[in-house]
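Okay, everyone, let me put this one up on the screen. I'll talk through a few spots, and you can follow along.

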Number of protein chains: 2
Amino acid sequence: MKIEELGEIGLIERIVEKFRVDREMVTVGAGDDDCAVIDIEKVRNRFKHLVITTDTLQESTHFPHGISPFQIGWSIVAVNLSDVAAMGAYPFAFTIAMGIPAQTETSFLDELVAGIEECAATYNTAVVGGDITMSKELILTGTCFGFADRPVRRAGAKVGDLICVTGSLGNAALALKLLRGELKAPGDVDVAVKKALFQPVPRINEGITIANSGLATSMIDISDGLALSLAEIAKRSSVGVELYEDKVPVLSDEIRRDLRLSKRELRELAYYSGGDYELLFTIDASALENEQVMSKLIKDVRMSVIGKIVPQEEGIYFKTGEEKEKVEIRGYQHF
Amino acid sequence: MKIEELGEIGLIERIVEKFRVDREMVTVGAGDDDCAVIDIEKVRNRFKHLVITTDTLQESTHFPHGISPFQIGWSIVAVNLSDVAAMGAYPFAFTIAMGIPAQTETSFLDELVAGIEECAATYNTAVVGGDITMSKELILTGTCFGFADRPVRRAGAKVGDLICVTGSLGNAALALKLLRGELKAPGDVDVAVKKALFQPVPRINEGITIANSGLATSMIDISDGLALSLAEIAKRSSVGVELYEDKVPVLSDEIRRDLRLSKRELRELAYYSGGDYELLFTIDASALENEQVMSKLIKDVRMSVIGKIVPQEEGIYFKTGEEKEKVEIRGYQHF
C-alpha cells in the first residue's frame, strides 16, 4: 500500500502509535494537540539551561547507497542527538518533520518510524511531535531538546589544554570509499565500517561524562571532519592547535593493518571527510594529575589525547619531533 | 548572485547576522555552537510547562501564486506561532530548517530571512538556530517553543460551554478563489483577503488573553477549516456541537455585501477550507454573568460566540430555529 492511500489522519495515527513516551513528563505527546507539552517542574530545579538543535537529512544529498529505511530513521535522530551530546546535555525530547513522496510504500514508512523510535528510546528521548507533508524527495528535519546544568561551548579552550577525541575516526569515510569501489576490504571490515556510516552512534553518555568531569573547556562533534572541527574550536576560542598525528585514533588497528593505507589516505579519511559522530573536546591540563578522572575518561569515553592548545598565532599544525606541518582547513560542506 | 556561490559558511554567516536575540535569555544563538542555549532560570519559576510544535511549508503544496519571499518567511513562523497561540502559551524561541535550490538568488534568500525575522520579532520570539541544505524545491520546517502556566488543550470542552472564535473566517479561502479566477472582487477586497492568505497573523496575544481569562476549557487553531477543528474539539473532549450559523463571522460585512455570496459558498469558505489562522475555543457558560471578562474577550480578542457544547450523541450540527442540519466533517488535508 502507498502512503497516499492512508490519508493524512490515518497516516498520523499509524505513526504516533509507535512513539512511547513517559507521560509524567510529556503530558501532551505527538498527534494529541496543537503543541506537545512538557512538564518542566520536575527538572527545573536541576537544570539551568535548555539546549536546542535542528538538522535535516535528505535523499539527494545525505543517504548513502544501501542504507535501510530503519537506518535513515535512526540517523535523523542520531545526528541531532550528536549536537546535544556536544554540549554535554541530557536530551529529553525530539520532533520530526517528514517530507515524503506520495508513492512511498507504507512498509518503508513503518521501518523509518521504527528507526526513529529506536534511536530516540535508546537515549531516553521522547518523540513528542512532528509534521508530515507530501514532497518530491524524502526529506527529514529533526529538532532535539536537552537540559544542561553547565553546557560545554565551542569557545573556552585555553593555551595548555589537552585536545581529546572519543572513539576512532575515519570509519564513515572509509565506508563511503568502499561503496564507491575506490577501495576493497575484507567482509567483516566492510560490515563494521558501513554500520558506522549507516547507523551512527551519538555520544550522549560520553558527552555527559565529559561535561560532568568539570574539566572540559570546549567541545564539538566532528560530523564535518576533524580538520574543520579543530578549526572551529580554534576560531571560537581564539587559540591554535598542536596535533600529534600518531596519537589520532584512525580506524581500528586491525583495519589499518588489513588495508595498508598510506599516511595521506589516513589523513583524508580522518581529517577531511565527514560522517563520524565522535566528540572533540579540550580539558584542563591539570587532569593529567588526577589519575581517577583520567582513567574514567579513558575507559568510559574511550578518550585519546591527540594534541594540545597553543597560542592563536601558531595556527593549526601537525607536530612530529621538531617538525611542524600545517593542517589544511577543509572538510564536508553542503554547498 | 546564486546562493551556491556563497558556500555553506558564507551562507550561514549571511543569515545569522539578521537574527537579533535577547542575549540575557538566549546565551548561545544561531550559528554559534552545536546547539542554541536558553537560560531558563529567569522563567522557570513563572512557568510549569514547555510547549513545542513543528510545521513545514513547501513550494509544491503550500505557496499560493503571487506570494513574496518575505511573506514565505513570515508564513513559516506564523503557522508555527499559531499552534503556540492555540495552547495559550508565550512563544520564546524558533528554529528554522531550510531546504533551498542551489540556483536560488541571494536576494530571494535575504527577503525570506527578513520575513522570518520580522514575524518572530513581532511576537517576541528569538530565532535561535537552524539548518540549511540544498534541495530540489524550497522546503521550510519551523519548530517553535513556548512557555505556559496552564496550557489550554483540545480536550476539556464540556456540555453547556460557549463555542467562540476570534476574528473573521473565510478570508484566506476567498483569496484562493480569486487567485484561481473562480470569483471576482473589487481591488480593495482583493488586496485585503490576499494579505490574509499570504501573510497570516498568528493570534498570540489573543491566545494568551483567552488562557489568562481562566474560563477557557479547550482551544485549537482553525488552519484546516472550521469544520475539522470543531470535529477535533468534539472528538478530544467527547462532546457534540450546536452551531448558530448566523453568528459565525464569515468575511467582513462589506465583503459579503460586495460579493453577494450564497449560503453554500459562504459555508465552503468558512467551514471547509483551510488557511485561516484564527482560534476556536470554548469557555465556561458562567462567563456570560461576568460582564468584565466578556467585554474584554469581545474587545481584545474580537470574540464571537458561535454555538454551544452539547452531549456527544447529538453530533455536530447547525441549529436554525428548531431545525437541525448536520455539519459535514471535511476540510484541508495534505494527503
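So, helix 3 of chain A passes helix 4 of chain A in a right-handed crossing. This is a predicted model, by the way, so keep that in mind as I go. When we talk about two packed helices, we give the angle between their axes and the distance between those axes. Here, the axes of helix 3, residues 69-85, and helix 4, residues 106-122, both in chain A, come within 6 Å and cross at roughly 40 degrees. Who makes the contact? On the helix 3 side of chain A you'll find, among them, Phe70(A), Ile72(A), Trp74(A) and Val77(A), and helix 4 of chain A brings residues including Phe108(A), Leu112(A), Ile116(A) and Cys119(A). By class, that contact splits into 14 nonpolar, 3 polar and 2 charged residues.

Stepping back to chain A as a whole: we've got 11 helices and 13 strands. The C-alpha trace of chain A spans about 65 × 55 × 35 Å along its principal axes. For 335 residues, a compact globule would have a radius of gyration near 20 Å, and chain A comes in at 21 Å, which agrees. Buried residues make up 53% of chain A. And if you take contacts in chain A between residues at least 6 apart in sequence, 86% of them join residues at least 24 apart.

Now, the two chains together. The contact takes 58 residues from chain A and 59 residues from chain B. Which element gives the most on the chain A side? That's strand 3 of chain A, residues 49-58, with 9 residues. The chain A side as a whole has 24 nonpolar, 18 polar and 16 charged residues. Strand 3 of chain A also pairs across the chains: 4 bridges join it to strand 2 of chain B, residues 36-39, and the two run antiparallel. If you want a spot to click on, Leu50(A) stands opposite Ile38(B).

Last stop, strand 10 of chain B, residues 279-283. All told, 5 of its 5 residues are buried, so strand 10 is largely enclosed by the rest of the structure. In a regular strand, side chains alternate between the two faces of the sheet. Here Leu279(B), Phe281(B) and Ile283(B) are on one side, Leu280(B) and Thr282(B) on the other, and both faces are covered. Strand 10 of chain B has antiparallel partners: strand 7 of chain B, over 4 bridges, and strand 8 of chain B, over 5 bridges. Look at Phe281(B): Cys164(B) of chain B stands opposite, and so does Met219(B).

Conventions
Residues are numbered from 1 along each chain as its sequence is written. Chains are lettered from A and ligands numbered from 1 in the order in which they are written. This is a predicted model: local features need pLDDT of at least 70, side-chain atom pairs count only at pLDDT 80 or more; totals for chains, interfaces and linings use all residues. Axes are lines fitted to C-alpha atoms, for helices over the stretch in contact, and angles run from 0 to 180 degrees between N-to-C directions. A crossing is left-handed if the near helix is turned anticlockwise from the far one by less than a right angle, and right-handed if clockwise. Two residues are in contact if their C-beta atoms, placed from the backbone, lie within 7 Å. Ala, Val, Leu, Ile, Met, Phe, Trp, Tyr, Cys and Pro count as nonpolar, Asp, Glu, Lys and Arg as charged, and the others, Gly among them, as polar. Two strands pair if DSSP finds at least two bridges between them. The radius of gyration is taken over C-alpha atoms; the globule rule is 2.2 Å times the number of residues to the power 0.38. A residue is buried if 20 or more other C-beta atoms lie within 10 Å of its own, exposed if 12 or fewer, and partly exposed in between; C-beta atoms are placed from the backbone.
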